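Biologist: Before we discuss the labels attached to this model, could you put the coordinates in front of us, and then explain how each label is earned?

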Amino acid sequence: MKLGSVYKGYLKNNMFMKLLLVFALIAVLAIIVVSYVIYISISQANIRRELDIQKSAMESVDRYIHQRYDEVQGIVRDMYWSESLSSNLSFFLNHPYSEYVQQRMDQFFSDSGGYPTDVLRYFQNVIDTNSDMRNLMLYSANRQILSSLNMYKQFKQQSVNAIHSYIPDVMALDSKYIAAPNIWLRKAVGQEDPALYSIRAPINNKQTLKNDGQLVIFLDSRNIANALTGYISTLKGEIAVLSADGTVIFDSKNRYYGKTYPYFDGTKILNDNSPGFSLLGVSPAMYINKLASADGGYVIIGAAPHAEIAQSYQGIRSTIITISIICILIAVLVPALFVMNIAKRTNRIIRFTHKVRGGDFAARIEDRREDELGQISRSFNAMLDELEQYIERVYKAEIKQKETEMIALQARISPHFLYNTLEVIRMRAISQGARDVGEMIYSLSVLFKSLVQQKKHYTLRDELEMCRLYLELFRIRYKDKFNYTIDADPALLNRSIMRLSLQPVVENYIVHGIRTNSTDNELTLQVREQGHRLCVEVSDNGGGIAPERLAEIRMELAKQEESGQMFGLRSVHTRLRLLHGSDYGVALQSKEGEGAVITVCYPNQEERGD
């Protein structure tokens, strides 16, 4: 109810409020849409920038790991470059350690003292020069012996044959060169630190090209963080390096070493080295970058929580919201003030028109502005000035002139002149053998004479005679297609009635009811008394009136104001009610396909004497 009253009071009849409301809605929606588009664009740009930084950090990690891999390959190449070192390494892998020591003693005096040819000394130097290495292992494929050096240069050699250990099976697997350390190798060398990754390289006999064994090096994963030094202040989220089975090799947050990465299954659906990023549907939501190393066998994952990325553009969102609110206020308030000013001036013009409608032709609008409303105001004032002049100088004079001309015209026109003229025409038609035309002219002349004849009192006899003359014209016109009957008690013919109250009803039938394609058209006028009323029923056998049209006619007759429709029936009905009251007038009944009955009721009163 309150909304309805607000609508009726402020919107229904207030064009300016509607315009303001529509403009405000359009402006608000436009600002919201533009702000949202700007926010989405900026936020996406921020997300892409943050993930591009993450991608750069991942590439730095990848370069670091490849450098370590290249260093291991360099170690193997150096061994192959030195003929004596390569020969000693092959002897070391294929003979017992005691025989290798004996061989070295035999070679002691032959060494030049330059490049070390002792296998153990060479690998001790390698550990000294590379701080990332924690364990260095040489596996003999033929003897199934594992020799190892730790970061403290402690040497250890042990048998790992297939009967007592799974290490031969592990070494036989065609695994990737960079992976998480195998658990059996960890146990063999006593390494329990989970933050490690291993790099493997095959060792082949330089002469026979057969595989003598493998070089396995454990490196400290924590040192991979050195590759992220330049990204500490800008990097969002975390970076993890995973082996092929999802085991964490490196974790920038130090949370998942030795475990399977929690988002590993979700990253499988992402394309390797895809140029974009994906929002992973986990809880919490994560932005994922993926960089796979095809030759190294590892995957680098960049994971940034959506909430953490969102913080980077939180300030931008607040700024956009603030600017949008200010723009909305400006877009609504400024037009509102402008529209209110126009509405105020328009209401002043409306009040002025009400005064003029009330007859105050001296009212004037005071508005000196040069815009459209000012021009309308001045036009109204000028129109009123001209109207007053017209009323005073022209209209009154014209009314007087019309009255004078009407009196003169009425004095000059003689009904007998027109009657005599029609009589001459009728006789001419009869003399030419057109008797039907003569009869029609006779009826028309008598009808015209009765119309222009001035009588102080008018009776039912006069009205019925006028109807008969009118119907006679159409009986002759339609010959055998139309007939009429007038049934009236002679005692009622002298009843006084209103002039021209039946003829319009009869004419209504001729115009709307007669069927020109039928031969049985019939109209009946029947007069009867109903107490204090004298009623004339005009009935026909026409097509009748549809219910919807009948309801419209009755509604039109009941209206107080003239609408311009059904002039004849409405004129009769209105005059009877004005002269005699609501008990009298015109009543209409009809059924579609059964004709219509129009009843005209008058006061039942005798003809008044002179």
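**Labels and their grounds**

Modeller: This is a predicted model, and I begin with the largest cavity, whose lining counts seven nonpolar, two polar and no charged residues.

Biologist: Which residues line the largest cavity, and what makes them lining residues?

Modeller: A lining residue must have an atom within 4 Å of a grid point of the cavity, and the residues that line the largest cavity are F92, L120, F123, L136, L138, S147, S148, L149 and F155. Of the elements, α5, β1 and β2 each supply at least two of these lining residues, and β2 gives the most, with three.

Biologist: Why is this space called a cavity, whereas the other one is called a pocket?

Modeller: A cavity is a set of points where a 1.4 Å probe fits but cannot get out, whereas a pocket is an open set, so the two words separate enclosed space from open space. The count comes to one cavity of 30 Å³ or more, and the largest cavity holds about 50 Å³ of space. For the largest pocket the volume is about 580 Å³. Of the 25 residues lining this pocket, N508, Y509, H512, G513 and I545 are the closest to its centre.

Biologist: Which elements give two or more residues to the lining of the largest pocket?

Modeller: They are α15 (503-512), β14 (533-540), α16 (547-558), α17 (567-580) and β16 (596-603). The largest share, seven residues, comes from α15. By class, the lining of the largest pocket divides into 14 nonpolar, eight polar and three charged residues.

Biologist: What makes β3 and β4 edge strands of their sheet?

Modeller: Six strands form that open sheet in the order β3-β2-β1-β6-β5-β4, with antiparallel pairing. In this order β3 (155-159) and β4 (178-179) each have a single partner strand, so one side of each is left without a neighbour in the sheet.

Biologist: How do you know that β5 and β6 are paired?

Modeller: Pairing requires at least two bridges between the strands, and nine bridges join β5 (residues 196-204) to β6 (residues 211-220), which run antiparallel; the nine bridges therefore satisfy the criterion. As one example, R200 has V216 in β6 as its bridge partner.

Biologist: What does helix α3 touch when it packs on the sheet?

Modeller: Helix α3 (residues 83-94) touches β1 (133-140), β2 (145-150), β3, β5 and β6, and its direction makes about 70° with that of β1. Helix α5 (residues 119-129) also packs on the sheet, touching β1, β2, β3 and β6, with its direction at about 155° to that of β1.

Biologist: Why is the pairing in the five-stranded sheet not simply called antiparallel?

Modeller: The open sheet of order β12-β13-β14-β16-β15 has mixed pairing, and its edge strands are β12 (482-487) and β15 (585-590), each pairing on one side only. Within that sheet, β14 and β16 run antiparallel and are joined by seven bridges, and V538 has I598 in β16 as its bridge partner. Helix α14 (residues 460-478) packs on the sheet, touching β12, β13 (521-530) and β14, while α15 touches β12, β13, β14 and β16.

Biologist: Where does the record place a transmembrane region?

Modeller: The unreviewed UniProt entry lists residues 20-42 and 320-343 under that name. In the model, residues 20-42 are 100% helix, with end C-alpha atoms 32 Å apart, and residues 320-343 are 100% helix, with end C-alpha atoms 34 Å apart.

Terms used: Residues are numbered from 1 along each chain as its sequence is written. This is a predicted model: local features need pLDDT of at least 70, side-chain atom pairs count only at pLDDT 80 or more; totals for chains, interfaces and linings use all residues. Side-chain values use heavy atoms; hydrogens and water are left out. Helices (H or I, at least four residues) and strands (E, at least two) are DSSP runs, numbered from the N terminus. Contact means heavy atoms within 4.5 Å. Axes are lines fitted to C-alpha atoms, for helices over the stretch in contact, and angles run from 0 to 180 degrees between N-to-C directions. On a 1 Å grid over the protein atoms alone, a cavity is a set of points where a 1.4 Å probe fits but cannot get out, and a pocket is an open set with protein on both sides within 12 Å along at least five of seven lines; lining residues have an atom within 4 Å of a point. Grid points are joined across faces, edges and corners, and a volume is the space filled by probe spheres set on the points. Ala, Val, Leu, Ile, Met, Phe, Trp, Tyr, Cys and Pro count as nonpolar, Asp, Glu, Lys and Arg as charged, and the others, Gly among them, as polar. UniProt positions are given in the numbering used here, feature names are shortened, and annotations may be inferred rather than shown by experiment.
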